[in-house]
2 protein chains.
Amino acid sequence: MNCLLKMRAMREQLSVNERKLADFILDNTQLLRDYSSSQLADAVGVSQSSVVKFSQKLGYRGYPSLKLAVYESYAGASIANDEDQSRHLGQANSPLSTLGQKKLEVLENTVNINESEQLAAAVQAIRSARCIQVSACPGSVSVARYLTHQLLELGCWAVFDEGGQLQHKIADSLSDDDLLCILCDFGGEESLVEVANRAHEHGVKVLSLTRYNYNAASIHSDIRLYVVPSEDDEALQRLLFRSAQLHVIEGLISGVLEGNG
Amino acid sequence: MNCLLKMRAMREQLSVNERKLADFILDNTQLLRDYSSSQLADAVGVSQSSVVKFSQKLGYRGYPSLKLAVYESYAGASIANDEDQSRHLGQANSPLSTLGQKKLEVLENTVNINESEQLAAAVQAIRSARCIQVSACPGSVSVARYLTHQLLELGCWAVFDEGGQLQHKIADSLSDDDLLCILCDFGGEESLVEVANRAHEHGVKVLSLTRYNYNAASIHSDIRLYVVPSEDDEALQRLLFRSAQLHVIEGLISGVLEGNG
DNA sequence: AAATTATTGAATAATTTATTCGTAATTCGT
DNA sequence: ACGAATTACGAATAAATTATTCAATAATTT
């Protein structure tokens, strides 16, 4: 749960002042060390109370907690950047090398953003589910298929409605022993949200794997997993996004395997 | 000017209460994180003002400064201990961590084994193909679907025969402007080999992505890409194998994207 | 032993942080 | 496009935390 990452990921979702704060902190992380809430407020040009509210919106108890978290993730980041980077998946001049770096970055971010309790809960949910329905927005269909396949291979009862017309019907037939997995990228898809909502209200356990932000689909979820998008051009971003989704899924599957083995 | 060191060094010259404080902090460094001055005072059994004075005696402006300094030197120490081990994609104890290391290893091997000319050729072949047929052995079906999806999204004419019964028919209709992509794991599948063979003989370009070894399918290929399997138990190995296949595929797609962009 | 100095905590002042509440801006539904 | 509802924002203020003062006591020096 890296604080700076979280800030960057949420940036788009923030209001004007909140974004000002986020940008300032991202740009002047080291300054925060000796700023009080009102000093920060002055530096950014907002009120002290906005600073506190911003801290709380990000999930901290208040400004001091945010400060510490920022400090933590700043220290953490500078370590990760220092060494290793660059030798790992980023060899010479092959199509795999260019991708390697970026992919590594996205995967690292994705690993960081997901809380291990949520992951553990997801593994547990998969293991104990009677039936699993997979639903996905168009951009994540291929990932959904992959997930469904893996689940079937694990011996889970999993269905994925390719076309999407039957999603509601299937969802309605789920009970509280069952699991609904929602995969989506930018999280809006109305029909998906409705499926999640209805299922959730009926007591079905809902697991979502979405872009990290305030997300319509994840609201109706019991277990929330996230992907942090990269900042490349659209096509590459989509590719990396799926790659990160796949990574999380692989993690879940291997988690289930571990428990079984 | 490491704060914890300083504390230890000064220990002998401190008064009774100050020493109590120093000892407590040295023993319970991580607790300090969420202690206020009075909580610390209570925990140690001294007054709140003693805590502040202790902070100042050590050279800090007050308690918050001490706290930060302690945190700094604690974080510094734990970093120094960790050193490279374990933090990469393998953070703490999440399902993603166990996988992270192994996955990274497999991907690295896979990146290393593939010659960049072959990769470049593959990208070129995809880019210039009129139609692309994807064929896969059962273990790689989900990867094949993923590839097909990506190709379609790129605007390539791609087909994948889910059931596999039509593979021959489709293959027979390919011409030498076309590309056949063979995905398989252990490379034996007779029907696949035959498809590859026949297509190859008809002048169709054949691209194979297989396990690295002497491989019946790759013999009949123009472009040969490989995956190096891991040495885990079967289920995990399969998972990692597919993950590596996906990585190569992502590399190809991003290669094609780069050329277009 | 008396004087000086250092240590300590209760009380309190100062500062920092968090909340409340009224207004302004934005979003949503029609 | 309009009004209703939600959300964002900051001034005022409450709450909490931190720092200082001061008086009492303990330690040290002479």
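**Exercise 1.** Which backbone oxygen does the side chain of A:Thr148 reach? Place A:Thr148 in the chain and list its contacts.

*Solution.* The model is predicted: local features need pLDDT of at least 70, side-chain atom pairs count only at pLDDT 80 or more, and totals for chains, interfaces and linings use all residues. Residues are numbered from 1 along each chain as its sequence is written, chains are lettered from A and ligands numbered from 1 in the order in which they are written, and side-chain values use heavy atoms, with hydrogens and water left out.

Step 1. Find the element: A:Thr148 sits in helix H8, residues 141–154 of chain A. Helices (H or I, at least four residues) and strands (E, at least two) are DSSP runs, numbered from the N terminus.

Step 2. Look for the partner: the side chain of A:Thr148 reaches the backbone oxygen of A:Ala144 at 2.7 Å. This is a polar contact, a pair of N or O atoms within 3.5 Å; within protein, one must be able to donate a hydrogen and the other to accept it, and residues adjacent in sequence count only if both atoms are side-chain atoms.

Step 3. Check the accessibility: A:Thr148 counts as buried because its relative accessibility is 8%. Buried means under 20% relative accessible area, exposed over 50%, and partly exposed in between (1.4 Å probe, protein chains only).

Step 4. Leave aside the neighbours within four places in sequence; A:Thr148 is then in contact with A:Val134, A:Ala158, A:Val159 and A:Phe160. Contact means heavy atoms within 4.5 Å.

**Exercise 2.** Describe the position of A:Ser208 and its side-chain partner.

*Solution.* Step 1. A:Ser208 belongs to strand E4 of chain A, residues 205–211.

Step 2. The relative accessible area of A:Ser208 is 0%, so this residue is buried.

Step 3. Its side chain makes a polar contact with the side chain of A:Ser221 at 3.0 Å.

Step 4. Compare sequence and space: A:Ser208 and A:Leu180 are 28 residues apart in sequence, with 8.2 Å between their C-alpha atoms.

**Exercise 3.** Summarise chain A as a whole.

*Solution.* Step 1. Count the elements: chain A has 12 helices and 5 strands.

Step 2. Of the 261 residues in chain A, 56% are buried.

Step 3. Take the contacts in chain A with a separation of 6 or more: 66% of them join residues 24 or more positions apart.

Step 4. The accessible surface of chain A is about 11000 Å², and carbon and sulfur atoms hold 48% of that surface. Such areas come from the Shrake-Rupley method with a 1.4 Å probe; for residues, only the protein chains shown count as cover.

**Exercise 4.** Which residues come nearest to DNA strand C, and which element gives the most to the surface near this strand?

*Solution.* Step 1. There are 19 residues around DNA strand C, and A:Ser37, A:Gln56, B:Ser15, B:Ser50 and B:Lys53 come nearest. A residue is near a strand if one of its heavy atoms lies within 4 Å of it.

Step 2. Sort these surroundings by type: 5 residues are nonpolar, 11 polar and 3 charged. Here Ala, Val, Leu, Ile, Met, Phe, Trp, Tyr, Cys and Pro count as nonpolar, Asp, Glu, Lys and Arg as charged, and the others, Gly among them, as polar.

Step 3. Turn to the DNA atoms: of those of strand C within 4 Å of the protein, 62% belong to sugar or phosphate and the rest to bases.

Step 4. Two phosphate pairs can be named: a polar backbone atom of B:Asn17 is 2.8 Å from a phosphate oxygen of strand C, and a side-chain N or O atom of B:Ser47 is 3.1 Å from a phosphate oxygen of this strand. For a base, take B:Ser49, whose side chain has an N or O atom 3.0 Å from a base nitrogen of strand C.

Step 5. Helix H4(A) gives the most to the surface near DNA strand C, with 5 residues.

**Exercise 5.** Repeat the analysis for DNA strand D.

*Solution.* Step 1. Of the 20 residues around DNA strand D, the nearest are A:Ser15, A:Ser50, A:Lys53, B:Ser37 and B:Gln56.

Step 2. Sugar and phosphate make up 64% of the atoms of strand D that come within 4 Å of the protein.

Step 3. Backbone atoms pair with phosphate oxygens of strand D at A:Asn17, 3.0 Å, and at B:Tyr63, 2.7 Å.

Step 4. H5(B) gives the most to the surface near strand D, with 5 residues.
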